[in-house]
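Please open the structure in your viewer and keep the selection panel at hand. The tour goes from the inside outwards, with one selection at each stop.

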Amino acid sequence: MTSKLDLRREAYLYAQDLNNEGGVAYCRVSEGGAVGEHLVRPDPRLPHVRQLLDEIQSVGRAWAVGGNSLSCRVTLRGDCVIAVRPVTLDADGRVSPVLLLFNALGASRKLGAAALEAVPTYLNRLLDQPTQEDLGRLKQLLALPRWILFLHIVFQSKRAFHD
């Protein structure tokens, strides 16, 4: 049985391991980004994180949250997945995206930007300058009052099909 995630108070980072041995890295970020906990099997939250990532990417609306370096899918409940492409390459020289799962309308919505800022610390991947600038725009957006942010999601997102 999978445990329920509290996306209103925590965010999750997901990435493939850089060594290309088929593993993945999950990290739960909470308390404004100050706490990062790596999740390992058999943590019951892992299947739920993966399920939500897949579901939101499949049925979520494409939401413009900044420039081109942050690809975002969001539901009208605020559940959100942002994909970012770090400059750190894997063992075979490829870029592997990092996925962020959080709630953009929750009380701790600023945690989404804090979790992305913590990617170098928690997942050992560097973000380039354009991504850092887009992250700044995301922070401004997430600092808006909840009702304005909801309207932004409604009017600045569009129904999208899974890529």
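Contact, as the word is used at the first stop, means heavy atoms within 4.5 Å. The model on your screen is a predicted one, and the stops below should be read with that in mind.

Begin by selecting L138 and its surroundings: leaving aside residues up to four places away in sequence, L138 touches V65, L70, I82, A113 and L116. Then widen the selection to the largest nonpolar core, which has 35 residues, and in which L13, W63, I82, L116 and L138 touch the most other members. Helix α2, residues 111-117, gives this core its largest share, namely five residues. Another core, of 15 residues, lies apart from it, and to find this one you can select L5, L7, L52 and V81, which are among its members.

Turn next to the cysteines. Why does a search of the whole structure find zero disulfides? A disulfide requires two cysteine sulfur atoms within 2.5 Å. Select C80 and C72, and you will see that the sulfur of C80 has its closest cysteine sulfur in C72 at 3.2 Å, which is too far for a bond. For C27 the closest cysteine sulfur is that of C80, 17 Å away, and therefore also too far for a bond. C27 is buried, at 0% relative accessibility, and C80 is likewise buried at 0%.

Now show the charged side chains, among which the structure holds 11 salt bridges. In helix α4, residues 129-142, select D134 and R137, whose closest N and O atoms are 2.3 Å apart in a salt bridge; the two residues are three apart in this helix, so about one helical turn separates them. D134 is buried, with a relative accessible area of 6%, whereas R137 is partly exposed at 40%. Elsewhere, salt bridges that share partners join E10, R28, E37, D43 and R45 into one network. Within that selection, look at the salt bridge between the side chains of E37 and R28, at 2.8 Å from N to O, where E37 is partly exposed at 30% and R28 is buried at 15%.

For the last stop, go to the surface and select L76, W147, I148, F150, L151 and F155, which make a nonpolar patch of about 610 Å². I148 belongs to helix α5, residues 146-156, and with a relative accessibility of 31% it counts as partly exposed.

Key: Residues numbered from 1 in each chain as written. Predicted model: local features only at pLDDT ≥ 70, side-chain atom pairs only at ≥ 80, totals over all residues. Heavy atoms only, no water. Core = buried A, V, L, I, M, F, W, Y, C linked by side-chain atoms within 4.5 Å. Buried < 20%, exposed > 50% of the residue type's maximum accessible area, 1.4 Å probe, protein only. Helix = DSSP H or I, 4+ residues; strand = E, 2+ residues; numbered from the N terminus. Patch = residues over 30% accessible without salt bridge, like charges linked within 9 Å, V, L, I, M, F, W, Y side chains within 5 Å. Areas by Shrake-Rupley, 256 points an atom, 1.4 Å probe, with all protein chains shown as cover. Salt bridge = Lys/Arg side-chain N within 4 Å of Asp/Glu carboxyl O.
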